[in-house]
Amino acid sequence: MYQWRKFEFFEEKLGGGKCKIPEEISGKIECCSSGRGKLVIGCDDGTISLLDRGLNFNFGFQAHSSSVLFLQQLKQRNFLVSIGEDEQISPQQSGMCLKVFDLDKMQPEGSSTTTPDCIGILRIFTNQFPQAKITSFLVLEEAPPILLIAIGLDNGCIYCIKGDIARERITRFKLQVDSGSDKGNSSVTGLGFRLDGQALLLFAVTPNSVCLFSMQDQPPRRQILDQIGCNVNSVTMSDRTELIIGRPEAVYFYEVDGRGPCWAFEGEKKFIGWFRGYLLCVIADQRNGKNTFNVYDLKNRLIAHSLVVKEVSHMLCEWGNIILIMTDKSALCIGEKDMESKLDMLFKKNLYTVAINLVQTQQADAAATAEVLRKYGDHLYGKQDYDEAMAQYINTIGHLEPSYVIQKFLDAQRIYNLTNYLENLHEKGLASKDHTTLLLNCYTKLKDVEKLNVFIKSEDGVGEHKFDVETAIRVCRAANYHEHAMYVAKKAGRHEWYLKILLEDLGRYDEALQYISSLEPSQAGATVKEYGKILIEHKPAETIDILMRLCTEDVDSAKSGTSSDAYLSMLPSPVDFINIFIHHPQSLMDFLEKYVEKVKDSPAQVEIHNTLLELYLSIDLNFPSISQANNEIDFNIKARTAAPATSRAMSNGKLIVNGKNSYNEDTLERREKGLRLLKSAWPSDLEHPLYDVDLAIILCEMNAFKEGLLYLYEKMKLYKEVIACYMQAHDHEGLIACCKRLGNSGKGGDPTLWADLLKYFGELGEDCSKEVKEVLTYIERDDILPPIIVLQTLSRNPCLTLSVIKDYVARKLEQESKLIEEDRRAIEKYQEDTLTMRKEIQDLRTNARIFQLSKCTACTFTLDLPAVHFMCMHSFHQRCLGDNEKECPECAPEYRSVMEMKRSLEQNSKDQDRFFQQVKSSKDGFSVIAEYFGKGIISKTSNGSKETVRSGSTSSTSGF
């Protein structure tokens, strides 16, 4: 004890801590209790007084007639339980009574005093429970209103009362602690309840023993914990429900299984108490006869307060203070200082270790503890004890800003200590990217590869790194610790960093390809997009193999299923990887060819075919650019611009420059592939090709690829564009052959091509007599143009002579002469017929007709009256005609058909659209107009008189 430091962590309260018990309390103080914010004092005159926080008299009342021996203020309810002497009912019965007062219910008994309601009175001693001297008293609130009252006697017995005293529903039982004959050593000097889970335990102390009763057993089972005890007022319970007893040689702690630790505080223990983790002792010093009040901090092994006091009669704890009541009715009130004051006191004495222990044992918040550790660390740092200072700073992690510590040890150049701090910072998961950078730089400067390995390869509880992965990779890479950087990248799944180190720093391309192959398809695709340019440059064949696996994985097996299209749409498209071939078009061509060969129905086949066409048709195999920006191209075919005709010439489908073939074998081979692709990607059963036809036309024109251009124009039925290609190349032989193939109307061709061809030769400006003669043959055969148009067209070429068209004109004139002769004969015939008809009409008008028929035309019976004779020389019985007497039944149908035809022609003359359509579609529009005139459709007018001839009838009842 003498080695323990003494501090003044407590101070006197209430006017210096010394005050008097109020004068209203006149009797001798026999017992005290506290709770619910008040102090309760019982006196030998039977009164009970209540004091407030300032030890001022609140009120008092007469509880017992003689003396109040024991008091206890309950905590859960505002009840006061007292034991005192009252008047004896009979000499045989004791006057010792237990009373329960409800302090919330007052009964006025006059003008000056109030008395709480006494809700229960109980005689302690009965015939079954003989009278003895009460030495200890304790009440436990089990489950209100149930109380468990333990009364210790000087004969070694404990009387227990359990139940609701107010309703007199109680049970009594007795516990035997010590059966010794010596009452002085067998009296129960202390009691203590302990709740251990569901078990209720009762400690009982005598001068010679410490016992423990298990109250849940019936009857309660006794266990002797020790063969030594203590006197009255030297027993208390700690906040951990440990039993504490004070003996002259030491203070002992007891658990349910026996004696625990003991503390050798010498001197007679007049009073023992427990307050907020402190042990309170009033010790009598036999040498000088003085009493000392000590407050012990057992955890930190220090005396928190020490004070010489008078003779103490009672010790209580209430309002966060310790209250000592002296025998002379003076009182001492002592309260604990606040934590800040205690720490300031310790800091002034540089007792930092004591301060740290203090804040830790008193469960101060973490921030306050960290502040104490920081000050201690600053103190050690000032003494240049860097290692110990760092140990304190490490304990502040999580509360102290790391930059405060780092700055100190950067200035001091204590890189080892700084490394230790940063390691702990990462260990607790509180490091930032900058801290990771600094720690790795420390490792690299120290060249401590072993620690670097431990740091890099360490993981926290969930398998994740305790540092910022990207920062660690970047620092290790900058310090040329590539293997460490690769380990972190691989462990963290940062594939892009792993490959960046392999490719850019180490140049290990095979290993990079192997790593990509091991990744998931989605991850592999993303890494190839990022680093494919480097891989294509150094390992083109292997990179293409990886791309093929990515884009065609299990295509063959998927084709056998019903959802092959859906599966293909989930795979990466080769179009996504085109950008990695920016400087390697040959590799791109190889990749796309392999893909097209394996996958026939790719969702991106149009884009793939477009790219392949650009590669195939380009002269110097430049990377495709048109299809990547095809939105910016004007696909208007008619607006395209061809290269000047003077810069090149086409003959038989080959481009000739200076009379020689300018393409090398590679270019020619690619063009053959391009032509095959143009044809194969446009099957005859598809209306549109599997490529962009407008883009294909532009590519063919840009790269002077005549075969492809001609194929596309012919496939699109743009025949005029086809012959325009031959005209532009001055390929007369090919031009005529093309017109023979495409100008045959019998095979769905366009005969007007010959007219365009004739126009071309007419404007050529050079001698092309042979070609013109051949063209005229086909024009004459199909009667495409009138001779006058042919003559006008060819007259524009000054190099052509009349001999070219002499035979053509002669044949045409002969043909026209024959037609004229045929028309003349037809005219003469029509004139003769017309003259005959006019004579007949005149005869009908001027001469009488003789009807000599003797039979009816309808019934063939002999004709009799009444009869009807028609001008057409048919005769009928009137009865055979019926109501129709104006028309000859035999001639009427023919006449009506003629009239219907006339009405139809007149109606058609009003349909202008049909007339112009016939004129436009006819080879000879003039003949259509002449036909309309000949039928009298156009020449019909409304002016002038018109004579009509119609068949009439004469009716006679007498024959004529």
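1. Proline 866 sits in the loop between α28 (803-846) and β34 (867-870), where helices (H or I, at least four residues) and strands (E, at least two) are DSSP runs numbered from the N terminus. The peptide bond that leads into this proline from leucine 865 is cis, with omega near -5°. A cis peptide bond also joins glutamine 218 to proline 219, with omega about -5°, and proline 219 has its place in the loop between β18 (209-214) and β19 (221-226).

2. The model is a predicted one, so that local features need pLDDT of at least 70 and side-chain atom pairs count only at pLDDT 80 or more, whereas totals for chains, interfaces and linings use all residues. Residues are numbered from 1 along each chain as its sequence is written, and side-chain values use heavy atoms, with hydrogens and water left out.

3. Positive phi values in residues other than glycine deserve a look in the backbone. Arginine 36, in the loop between β4 (29-35) and β5 (38-43), has phi near 55°, and with a relative accessibility of 41% it counts as partly exposed (buried means under 20% relative accessible area, exposed over 50%, and partly exposed in between, with a 1.4 Å probe and protein chains only). Asparagine 233 has phi near 75°; its place is in the loop between β19 and β20, and a relative accessible area of 39% makes this residue partly exposed.

4. The strands β20, β21, β22 and β23 form, in that order, an open sheet of four with antiparallel pairing, two strands being paired if DSSP finds at least two bridges between them. The edges are β20 (235-237) and β23 (258-263), each of which pairs on one side only. Neighbouring strands of this sheet are turned by 25° against each other on average, direction ignored, with axes fitted as lines to C-alpha atoms (for helices over the stretch in contact) and angles running from 0 to 180 degrees between N-to-C directions. Within the sheet, β21 (243-246) and β22 (251-255) pair in the antiparallel sense over four bridges, and isoleucine 245 has tyrosine 252 of β22 as its bridge partner.

5. What makes helix α10 largely enclosed by the rest of the structure? Seven of the 10 residues of this helix (469-478) are buried, so the rest of the structure largely encloses it; the buried residues are Val469, Thr471, Ala472, Ile473, Val475, Cys476 and Arg477. They pack against α8 (433-446), α9 (449-457), α11 (482-492) and α12 (495-506), contact meaning heavy atoms within 4.5 Å. The helix is followed by asparagine 480, whose phi is positive, near 65°.

6. Isoleucine 322, in strand β29 (321-326), counts as buried at 0% relative accessibility. Apart from residues up to four places away in sequence, this isoleucine touches Phe10, Phe275, Leu280, Phe293, Val295, Met315, Leu316, Cys317, Leu332, Cys333 and Ile334. Its C-alpha is 9.5 Å from that of lysine 13, although the two residues are 309 apart in sequence.

7. Helix α4 (366-382) contains threonine 369, which is buried with a relative accessible area of 13% and touches Val359, Gln360 and Ala364, residues up to four places away in sequence not being counted. Elsewhere in α4, the side chains of aspartate 378 and arginine 374 meet in a salt bridge of 2.7 Å, N to O (a side-chain nitrogen of Lys or Arg within 4 Å of a carboxyl oxygen of Asp or Glu). These two residues are four apart in the helix and therefore separated by about one helical turn, and arginine 374 counts as buried at 16% relative accessibility.

8. The structure holds 23 salt bridges, including one between lysine 342 and glutamate 336, whose closest N and O atoms are 2.5 Å apart; both of these residues are buried. Arginine 896 and glutamate 887 form another, with closest N and O atoms 3.3 Å apart; here arginine 896 is partly exposed at 46% relative accessibility, and glutamate 887 is partly exposed at 29%. Salt bridges that share partners also join Glu371, Arg374 and Asp378 into one network.
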